[in-house]
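Here are some points to set beside the model as you look through it for the first time. They are arranged by place, so that each can be followed on the structure itself.

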Amino acid sequence: MSSTPPRPALHLAATLLTAAVALYIALVAFGNITDFGTNQQFVRHVLAMDTTFKDDDLMWRAITSKSLQDAAYVAIIIWETVSALVLIYGTWLWFRRDDHRARRFSTYGLLMLMLLFGAGFIAIGGEWFAMWQSGDWNGLDAATRVFLLCGVVLIVDHLPFGAARQTDAAASQQSSV
């Protein structure tokens with residue numbers, strides 16, 4: 001007989017979904033580091049607003065300094081990397097069944113990504129820098145997908161699967177009486 005109780009399905013879901021987001025953002029960060037120039041161009045074009053409608057009422061928002069654009073891109077990569085590390089640690093804690101700390105660190109990592117993709121890409125990039133106007137450099141669909149994925153995983157990570165375990169144990173005790 002095993003010394004640890006069986007892992008509830010929701011616990012397994014929280015573990016694997018957190019691991020999936022950790023893997024995803026680790027690969028994104030790795031790609032941005034190893035292929036720096038590709039998404040560097042994306043950030044530069046979004047901040048420069050050079051493929052938007054060029055409305056004079058909006059163009060004053062554009063950031064055309066390449067050094068400021070690159071600083072923003074490096075900050076994004078650092079944020080992604082730290083988020084990945086936090087989520088990898090959260091995944092490790094889920095595997096170790098340290099649910100309280102796993103929830104906490106997974107929440108930190110998921111919120112970091114929701115801030116990056118929600119506030120950073122959707123709000124600031126999409127609205128402030130009018131990324132939605134660009135046919136070539138519009139990352140709103142991808143940002144929305146990541147934001148929603150993180151939100152779903154955050155919800156799953158906070159479902160009360162611990163209570164389900166107690167209910168299952170109580171039900172099995174009653175049925176054996």
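**Notes on the predicted model**

1. In this predicted model, the largest cavity has a lining made up of His 45, Val 46, Met 49, Asp 50, Thr 51, Thr 52, Phe 129, Met 131, Ser 134 and Trp 137. By kind, the residues of that lining divide into five nonpolar, four polar and one charged. The space inside the largest cavity is about 30 Å³, and a search of the whole structure finds one cavity of 30 Å³ or more.

2. For orientation, the chain holds six helices and zero strands, so the reader who follows the sequence meets the pattern α-α-α-α-α-α. Of the 177 residues in the chain, 38% are buried. Among contacts with a separation of 6 or more, 75% are between residues 24 or more positions apart. The accessible surface of the chain is about 10100 Å², and carbon and sulfur atoms account for 68% of that surface.

3. Helix α4, which covers residues 99-128, deserves a careful look, since a bend of about 25 degrees is found at Phe 121. After α4 comes Ala 130, a residue with a positive phi, near 55 degrees. Phe 121 also appears in the descriptions of both pockets below, where the residue is listed among those closest to the centre of the largest pocket and among those nearest the centre of the second largest pocket.

4. The largest pocket encloses about 270 Å³ of space. Its lining consists of 16 residues, and those closest to the centre are Asn 39, Phe 42, Glu 80, Phe 117 and Phe 121. Several helices contribute to this lining, with α1 (9-34), α2 (36-48), α3 (66-95), α4 and α5 (140-157) each supplying at least two residues. The lining of the largest pocket counts twelve nonpolar residues, three polar and one charged.

5. Which helix gives the most to the lining of the second largest pocket? That helix is α4, with five residues, while α2, α3 and α4 each supply at least two. The second largest pocket has a volume of about 230 Å³, and among the 13 residues that line it, Leu 47, Ile 76, Gly 120, Phe 121 and Ile 124 lie nearest the centre. Its lining divides into eleven nonpolar residues, two polar and no charged.

6. Is Ser 83 buried or exposed? Ser 83, which has its place in helix α3, counts as buried because its relative accessible area is 0%, and the cut-off for that label is under 20%. Setting aside residues up to four places away in sequence, Ser 83 touches Ile 25, Gly 109, Met 112 and Leu 113.

7. Lys 54 sits in the loop between α2 and α3. Its relative accessibility is 44%, so Lys 54 counts as partly exposed, a label that applies between the 20% limit for buried and the 50% limit for exposed. Apart from neighbours within four places in sequence, Lys 54 is in contact with Met 49, Met 59 and Gln 133. One of these partners, Met 49, also belongs to the lining of the largest cavity. Although Lys 54 and Ala 130 are 76 residues apart along the chain, their C-alpha atoms are separated by 9.6 Å; Ala 130 is the residue with positive phi that follows α4.

Technical notes. Residues numbered from 1 in each chain as written. Predicted model: local features only at pLDDT ≥ 70, side-chain atom pairs only at ≥ 80, totals over all residues. Heavy atoms only, no water. Helix = DSSP H or I, 4+ residues; strand = E, 2+ residues; numbered from the N terminus. Buried < 20%, exposed > 50% of the residue type's maximum accessible area, 1.4 Å probe, protein only. Contact = heavy atoms within 4.5 Å. Areas by Shrake-Rupley, 256 points an atom, 1.4 Å probe, with all protein chains shown as cover. Bend = angle between axes of the 7 residues up to and from the residue. 1 Å grid on protein atoms, 1.4 Å probe; cavity = no way out; pocket = protein on both sides within 12 Å on 5 of 7 lines; lining within 4 Å. Points joined across faces, edges and corners; volume = space filled by probe spheres on them. Nonpolar A, V, L, I, M, F, W, Y, C, P; charged D, E, K, R; others polar.
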